[in-house]
Number of protein chains: 2
Amino acid sequence: MTTRRTFFKRAGLGLAAAAGAPALMTAKAQQTQAGGDSFKLAIAGYTFHKFNLDQTLEMLKKVDVHYLCIKDFHLPIKSTAEEIAAFHEKCASFGVTGYGVGPIYMSSEEAVNNAFAYAKRVGVKVLVGVPFKFVGKKRVASADLLKLIDAKVREYGIKYAIHNHGPDMPELFPNAESGIEMIKGMDKRVGLCLDIGHQFRDGGRCPVKAMTDYADRIHDLHIKNVTAPDKSGRGIEMPRGKIDMTAFVRAVRKTGYAGACSLEYEKDMNDPLLGIAESIGYFRGIMDATR
Amino acid sequence: MTTRRTFFKRAGLGLAAAAGAPALMTAKAQQTQAGGDSFKLAIAGYTFHKFNLDQTLEMLKKVDVHYLCIKDFHLPIKSTAEEIAAFHEKCASFGVTGYGVGPIYMSSEEAVNNAFAYAKRVGVKVLVGVPFKFVGKKRVASADLLKLIDAKVREYGIKYAIHNHGPDMPELFPNAESGIEMIKGMDKRVGLCLDIGHQFRDGGRCPVKAMTDYADRIHDLHIKNVTAPDKSGRGIEMPRGKIDMTAFVRAVRKTGYAGACSLEYEKDMNDPLLGIAESIGYFRGIMDATR
């Protein structure tokens, strides 16, 4: 039986809107939060793209996870202040904090402006995004939008995290390196949401090396495991894949990373809960064994 | 997507009957089996006492577990050779090996004789049991039956593992110590199935200490977590309980234990799969992080 205690959650990831909101969290989750981990275990909203917010929060509750990266299908970019407040209230009733937004694909200055304004209204400190332009029908990373983003992070005090998407999109941030190359010299708040699965799928690039080399630019993490170090690699329950998750967690600890480790589970998306439970359990086991 | 390969499994836990049977196992499970763990991850049959064998094997498959301790509700003690062969065949079709039998409660010489004969017919090398006598209506540990069991382990070459059951049954092996006290001087094959949850529930006794102190007598393990170090403690998803599972796994490794770590999950027994997945994931995470 889960021992649950009501307590007033501190907004550990900088969410002003929900600060002071009552929340439910197991003793274990509280201990983990309090007990020496600089980072938080979370789930990326995309995991639940076939489910509405209520279903999503029910699943988070079942696996005792208390942080969510908010996707726009759960909270549209055009949401009003009232809609945003209602969203946070519902999350808080499940003991969940929406700690960031995205990934948001943005292909114009207006889209960048809207995304930052949205992140500010939602009250989060990290915006995961993919800035691109069309070259014909192809989506290609946009240096011009990154310049604007560099100004925006200073204006808003919000971190921007470029999401890498592996060999499926070779001209749209396939790996961490392609993002880093385009943002060097910019404000450190322009950085990465390192997706370790896509990083590994892009020719077997090492997630540990990326985590270590780019630590000061990593503002969000998509944790997952995959079946192969190439384009054929598919998402799988975390214990069963090819990425050495223990080495990765040790690297995360070593860097002092203070953001979220967000599980993005992309297998069985019509019925993902069982694989999520196995994956969250696995990551927690490694967290506990490496603390 | 799970990459599964057909291979000829070696009967790592001494099951002669299924040796050479084709079995399905993920690459990860094979690696774990091959990769330096002296022990096997398994599930105790009692976990599935509301389910038939087919349902049980489907659940084992979903969580990628390949060893089962056989409970008599899945394979009755009076089973014929044909029924036992059919049982093993069905298990093998799911890539599962029944590595042991029990727990079997036995209160007479005849019951002890039957249990050993059954274990031999099933082809396993470990028999988990509870030898007792009635004192009035109360079940009390039986020294006389243990004497018979001491002879039986020599006759059959089968290990006998007394299951401890915590403060709910204070005169029927509540803890490891009470079992050890009654078997000292006997053949080392008379030993324990250390249930770490019940050990901890019995006044907060330390599972790490029991594992370490009685290593040469521990022939099976029931792994689980519980909410409290006393009689009020209830089963819970493994990451969320009070037992330090990392310390326990390290102790298991240190002793060179070569049996099974069998999850006995006793929460949500009408619908246990989600909690099993979280628990198995968690234990695997600790296994991987401590290897």
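In chain A of this predicted model, residues 24 or more positions apart account for 74% of the contacts with a separation of 6 or more. Contacts of this kind join parts of the chain that are at least 24 positions from one another in the sequence. The elements of chain A comprise 10 helices and 13 strands. The chain has 291 residues, of which 53% are buried; a residue is called buried here if 20 or more other C-beta atoms lie within 10 Å of its own.

The relation between the two chains may be considered next. A turn of 180 degrees, with a shift of 0.0 Å along the axis, lays chain B on chain A with an RMSD of 0.0 Å. This is therefore the relation of a two-fold axis. Both copies use the same surface, since 100% of the contact residues of chain B recur in chain A.

A single helix of chain B shows how burial can be arranged within one element. Helix α6 of chain B spans residues 176–183, and its residues B:Ala176, B:Gly179 and B:Ile183 are buried. Why do the buried residues of α6(B) line one face of the helix? Seen down the axis of α6(B), they fall within an arc of 70 degrees, so they lie along one face. The cover over these buried residues includes two strands of chain B, β8 (159–163) and β9 (190–195). It also includes the helices α5 (143–156), α7 (196–201) and α8 (207–213) of the same chain. Just after α6(B), the backbone at B:Gly185 takes a positive phi of about 90 degrees.

Key
Residues are numbered from 1 along each chain as its sequence is written. Chains are lettered from A and ligands numbered from 1 in the order in which they are written. This is a predicted model: local features need pLDDT of at least 70, side-chain atom pairs count only at pLDDT 80 or more; totals for chains, interfaces and linings use all residues. Copies are superposed by least squares on the C-alpha atoms of residues with pLDDT of at least 70 in both. Two residues are in contact if their C-beta atoms, placed from the backbone, lie within 7 Å. Helices (H or I, at least four residues) and strands (E, at least two) are DSSP runs, numbered from the N terminus. A residue is buried if 20 or more other C-beta atoms lie within 10 Å of its own, exposed if 12 or fewer, and partly exposed in between; C-beta atoms are placed from the backbone. The arc is that of the directions from the helix axis to the C-beta atoms.
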